[in-house]
Amino acid sequence: MSLNIKNPEAERLAAEIGALTGESKTAAVISALRERHERLLAKLRQAEDAAMADDILALAARIRSRVGGVELSSDFLYDPETGLPS
C-alpha cells in the first residue's frame, strides 16, 4: 500500500527530522507516527483508568450506604495472639 503526501510542510519537517537523526524521510515519518500513536493510546488508557476508578468509588459509596452504620473490620482474618492471618 502506498502513501503519497504532497504537503510542503510535511516534506520540510520530514527532511529536517531525517537530517537531525540520520534517518530517511520515511523512517522519520514512521517514527513520528509511532510516537503519536503511543501517546494517544496512553491518553486513552489514562481516561479509561480514571473512569474505572470513578466506577469503583461509586460502587464503594453504594455499598457504604447499604451497610449503614455497621463498623466493618478485617480483624476476624487475623489471629489475635500472633497477628498473623488465620
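Helices and strands are here taken as DSSP runs, with at least four residues for a helix and at least two for a strand, and they are numbered from the N terminus. By this definition, the secondary structure of the protein, which is a predicted model, consists of two helices and zero strands.

The overall form may be considered next. The radius of gyration is 27 Å, whereas the globule rule gives 12 Å for 86 residues; the protein is therefore more spread out than a compact globule. The C-alpha trace spans about 75 × 35 × 25 Å along its principal axes. Of the 86 residues, 3% count as buried. The accessible surface amounts to about 8000 Å², and carbon and sulfur atoms account for 59% of that area.

How are the two helices arranged where they pack? Helix α1 covers residues 8-21 and helix α2 covers residues 25-67; their axes lie 8 Å apart and form an angle of about 100°. Because angles of 65 to 115 degrees count as roughly perpendicular, α1 is described as roughly perpendicular to α2. On the side of α1, the contact is made by E11, A14, A15, I17 and G18, while α2 contributes K25, A28 and V29. Of the residues in this contact, five are nonpolar, one is polar and two are charged.

A single residue of α2 completes the picture. R64 is located in helix α2. Is R64 buried or exposed? Its relative accessibility is 55%, and since exposed means over 50%, R64 counts as exposed. R64 and S31 are 33 residues apart along the chain, and a distance of 49 Å separates their C-alpha atoms.

Note on methods: Residues are numbered from 1 along each chain as its sequence is written. This is a predicted model: local features need pLDDT of at least 70, side-chain atom pairs count only at pLDDT 80 or more; totals for chains, interfaces and linings use all residues. Side-chain values use heavy atoms; hydrogens and water are left out. Axes are lines fitted to C-alpha atoms, for helices over the stretch in contact, and angles run from 0 to 180 degrees between N-to-C directions. Angles under 35 degrees count as roughly parallel, over 145 as roughly antiparallel, 65 to 115 as roughly perpendicular and the rest as oblique. Contact means heavy atoms within 4.5 Å. Ala, Val, Leu, Ile, Met, Phe, Trp, Tyr, Cys and Pro count as nonpolar, Asp, Glu, Lys and Arg as charged, and the others, Gly among them, as polar. The radius of gyration is taken over C-alpha atoms; the globule rule is 2.2 Å times the number of residues to the power 0.38. Buried means under 20% relative accessible area, exposed over 50%, partly exposed in between (1.4 Å probe, protein chains only). Accessible areas come from the Shrake-Rupley method with a 1.4 Å probe; for residues, only the protein chains shown count as cover.
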